[in-house]
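The following exercises ask the reader to work through strand pairing, internal cavities and annotated segments. Each task is followed by a solution in steps.

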Amino acid sequence: MAGSRLPRRLFLQGVAAVFMFAFASLYTQIPGLYGPEGILPARKTLRPQGKGRWQQLWETPTLLWEAPRLGLDTAQGLELLSLLGTLLALGALLLNPLRHPVVYLLLWAAYLSACQVGQVFLYFQWDSLLLETGFLAVLVAPLRPASHRKQAPQGGRAGALPHEDLPFWLVRWLLFRLMFASGVVKLTSRCPAWWGLTALTYHYETQCLPTPAAWFAHHLPVWLHKLSVVATFLIEIAVPPLFFAPIRRLRLAAFYSQVLLQVLIIITGNYNFFNLMTLVLTTALLDDQHLAAEPGHGSRKKMATSWPKALLATLSLLLELAVYGFLAYGTVHYFGLEVDWQQCTIHSRTTFTFHQFSQWLKTLTLPTVWLGVVSLAWELLSALWRWTQVRGWLRKFSAAVKLSLVSTATVALFLISLVPYSYVEPGTHGRLWTGAHRLFGAVEHLQLANSYGLFRRMTGLGGRPEVVLEGSYDGHHWTEIEFMYKPGNLSRPPPVVVPHQPRLDWQMWFAALGPHTHSPWFTSLVLRLLQGKEPVIRLIQSQVARYPFHKQPPTYVRAQRYKYWFSQPGEQGQWWRRQWVEEFFPPVSLGDPTLETLLRQFGLQDKSPARARSANSTLAQALHWTRTQLSPLEAPALLWGLLVAIGAVRVVQALLAPWSLRSSPLAPASGEKRRPAPHKDSGAASEQATPAPNPCTSSSRTARRKK
């Protein structure tokens with residue numbers, strides 16, 4: 001078993017980076033989404049119920065209950081949490097001592113606090129995924145930095161504590177649940193586009209925020225789109241069980257397949273930090289050996305080994321080839337792959353029925369649960385074996401306590417996760433141990449485990465539905481209100497905004513899929529535009545001068561529903577084509593009976609105005625000053641600026657590393673060369689090849705130690 005020290009470090013750094021992006025992206029949108037003049041003011045979500053302080057905190061776990069004690073309203077408290085979360089995550093990304101369980105617990109608590117008041121704008125699967133992953137990072141993070149512990153020579157595992165790998169296994173289990181469920185729901189939804197393998201002929205132009213590369217991907221041949229759907233099913237359904245394969249080459253093959261899928265999604269779609277989060281989860285499939293934590297490993301492979309090891313290696317290779325062959329045969333058989341040599345295409349079709357797939361899922365879901373149980377049991381036994389190698393009764397006792405606590409937490413989280421995972425197959429859900437259901441129900445509101453299922457159904461099969469807002473001063477001449485990110489202007493190319501998530505633009509995409517009554521927040525958006533509220537306007541155009549009604553709010557606002565398609569390759573200067581469908585929201589003005597009725601129906605009327613907070617407090621003034629300084633920056637520019645700053649700091653750290661090594665009292669003397677430690681398997685030949693120590697060098701090292 002290879003160690004996981006480097007993958008764990010990459011995981012913790014990745015989680016910190018995603019938290020930084022999530023908090024920074026949210027911070028730029030708080031005034032328009034949750035401020036007193038925002039679309040859904042956050043203060044309405046926290047109403048004291050006369051309960052005890054701790055009971056209130058447990059039922060609605062958010063640190064924003066304490067905002068009034070700081071002289072802040074709920075939105076200001078949310079700004080403070082977002083700023084602190086960004087800075088804390090940035091510190092954890094750059095500084096090893098800050099990758100501590102307490103730091104990740106604070107990041108998780110801060111984001112959970114934001115989700116409690118985020119309402120529909122923070123109700124996405126990637127927000128739940130970040131919370132679940134962030135909590136796992138609390139368990140994965142070491143209590144002491146790795147530099148304070150004795151490391152094994154040549155990157156071995158002698159310095160590893162017995163319990164360290166256990167929580168990291170939960171990351172692999174989370175990745176399995178995420179990918180397997182995302183693949184299964186595409187077929188259980190009975191979506192004709194997924195079953196007909198034509199989903200990607202629509203996906204690139206109908207996804208929420210496509211990139212310019214999506215236009216080019218959309219015009220690829222249909223046979224290639226269908227083959228890509230087959231590859232998606234292979235990567236999301238057939239490959240995930242290999243995450244637990246005992247052969248590391250199979251796990252690495254699974255790793256690269258997942259990375260390929262996520263990178264292609266990043267190139268063709270703006271899915272904020274979601275795909276980055278998935279890439280972070282894939283680190284659980286790596287090991288120190290693959291990340292070059294064991295120098296000279298390749299040369300040791302060439303040395304002679306005993307016949308049992310050679311036999312085991314041969315059987316392992318045969319099993320690996322058998323798995324690849326089985327996957328290839330299953331793909332060809334179940335998707336009817338046929339090569340047309342004359343037209344240089346590959347034909348594909350689904351050769352199984354929904355009933356057959358349902359029976360297969362009933363048969364397979366419970367065994368995947370047992371696969372998780374067996375894999376976790378192996379990790380527990382491995383940890384127990386490592387504990388037996390600990391020397392010294394005090395260290396052994398301390399390691400036993402840590403191992404017991406971490407093992408209990410790992411098993412508990414695994415049991416909790418079985419409940420949302422079993423949603424993919426109702427029969428399996430009903431057969432789970434009742435204790436798992438009770439445990440999940442007790443902590444469900446903390447979002448420690450969630451159900452996932454991405455792209456369940458393909459929308460926009462007859463054209464991409466899009467809502468276009470319009471304003472007017474006289475009710476006859478209408479001007480379109482163009483958003484920064486979502487499609488609108490036919491000649492504007494799709495933007496690249498990752499890792500930022502413009503949450504209003506995302507909700508506009510969901511709103512277009514149904515009537516406006518299914519999106520109550522849309523009525524509040526219309527009201528704020530009629531009132532000319534600048535925080536909301538900045539969600540649409542960060543530079544207010546580009547907003548067509550920046551001088552005076554419109555008298556009337558309405559919304560039209562269009563269908564959009566990507567333009568054809570021959571159309572110069574056009575990225576989109578569109579066709580009017582119907583009126584989405586009727587023309588209204590302030591005081592209009594229709595608008596007042598909708599506001600009252602959805603409970604959006606502000607009957608209790610915000611209580612005034614002390615604007616003279618130092619904290620409130622600091623928040624206002626920070627907002628003033630950052631408001632001219634567009635959110636993607638701010639996030640990319642953070643990336644550039646991180647890159648600059650990393651370069652400086654790399655340049656300073658040799659100097660710090662030279663100044664270290666344990667650094668080798670000038671001209672001294674490090675000799676690799678003799679390997680146990682090399683035998684007497686290795687001992688003879690090792691040169692005798694230089695007396696001068698030994699004496700100089702002894703002198704330095706005495707000093």
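**Exercise 1.** In this predicted model, determine which residue of β5 stands opposite V468, and place that pair in the wider strand arrangement.

*Solution.* Step 1: V468 faces Q560 in β5. Step 2: this pairing belongs to the contact of strand β3 (residues 464–472) with β5, which run antiparallel and are joined by 9 bridges. Step 3: β5 also pairs with strand β6 (residues 576–588), again in the antiparallel sense and over 9 bridges. Step 4: in that second pairing, R561 has E582 of β6 as its bridge partner. β5 thus pairs with β3 and with β6.

**Exercise 2.** Explain why strand β5 is described as largely enclosed by the rest of the structure.

*Solution.* Step 1: the strand covers residues 556–566, which makes 11 residues to classify. Step 2: a residue is called buried when its relative accessible area is under 20%. Step 3: 9 of the 11 residues are buried, and therefore β5 is largely enclosed by the rest of the structure.

**Exercise 3.** Describe the largest cavity by its volume, its lining and the classes of the lining residues.

*Solution.* Step 1: the structure contains 4 cavities of 30 Å³ or more, and the largest encloses about 80 Å³ of space. Step 2: its lining consists of M179, S182, K186, E236, L261, Q262, I265, F274, N275, L454 and F455. Step 3: two or more of these residues come from each of α7 (165–188), α12 (248–268) and α13 (274–281). Step 4: sorted by class, the lining has 6 nonpolar, 3 polar and 2 charged residues.

**Exercise 4.** Which element gives the most residues to the lining of the second largest cavity?

*Solution.* Step 1: this cavity holds about 50 Å³ of space. Step 2: the residues around it are E132, L136, L170, W173, R177, L413, S417 and L448. Step 3: α6 (125–140), α7 and α17 (393–421) each contribute at least two of them. Step 4: α7 gives the most, with 3 residues. Step 5: by class, the lining divides into 5 nonpolar, 1 polar and 2 charged residues.

**Exercise 5.** For two of the segments that UniProt lists as "transmembrane region", 102–126 and 399–423, state the helix content and the end-to-end distance.

*Solution.* Step 1: the annotation comes from an unreviewed UniProt entry. Step 2: residues 102–126 are 76% helix and 0% strand, with the end C-alpha atoms 23 Å apart. Step 3: residues 399–423 are 92% helix and 0% strand, with the end C-alpha atoms 37 Å apart.

Technical notes:
Residues are numbered from 1 along each chain as its sequence is written. This is a predicted model: local features need pLDDT of at least 70, side-chain atom pairs count only at pLDDT 80 or more; totals for chains, interfaces and linings use all residues. Side-chain values use heavy atoms; hydrogens and water are left out. On a 1 Å grid over the protein atoms alone, a cavity is a set of points where a 1.4 Å probe fits but cannot get out, and a pocket is an open set with protein on both sides within 12 Å along at least five of seven lines; lining residues have an atom within 4 Å of a point. Grid points are joined across faces, edges and corners, and a volume is the space filled by probe spheres set on the points. Helices (H or I, at least four residues) and strands (E, at least two) are DSSP runs, numbered from the N terminus. Ala, Val, Leu, Ile, Met, Phe, Trp, Tyr, Cys and Pro count as nonpolar, Asp, Glu, Lys and Arg as charged, and the others, Gly among them, as polar. Buried means under 20% relative accessible area, exposed over 50%, partly exposed in between (1.4 Å probe, protein chains only). Two strands pair if DSSP finds at least two bridges between them. UniProt positions are given in the numbering used here, feature names are shortened, and annotations may be inferred rather than shown by experiment.
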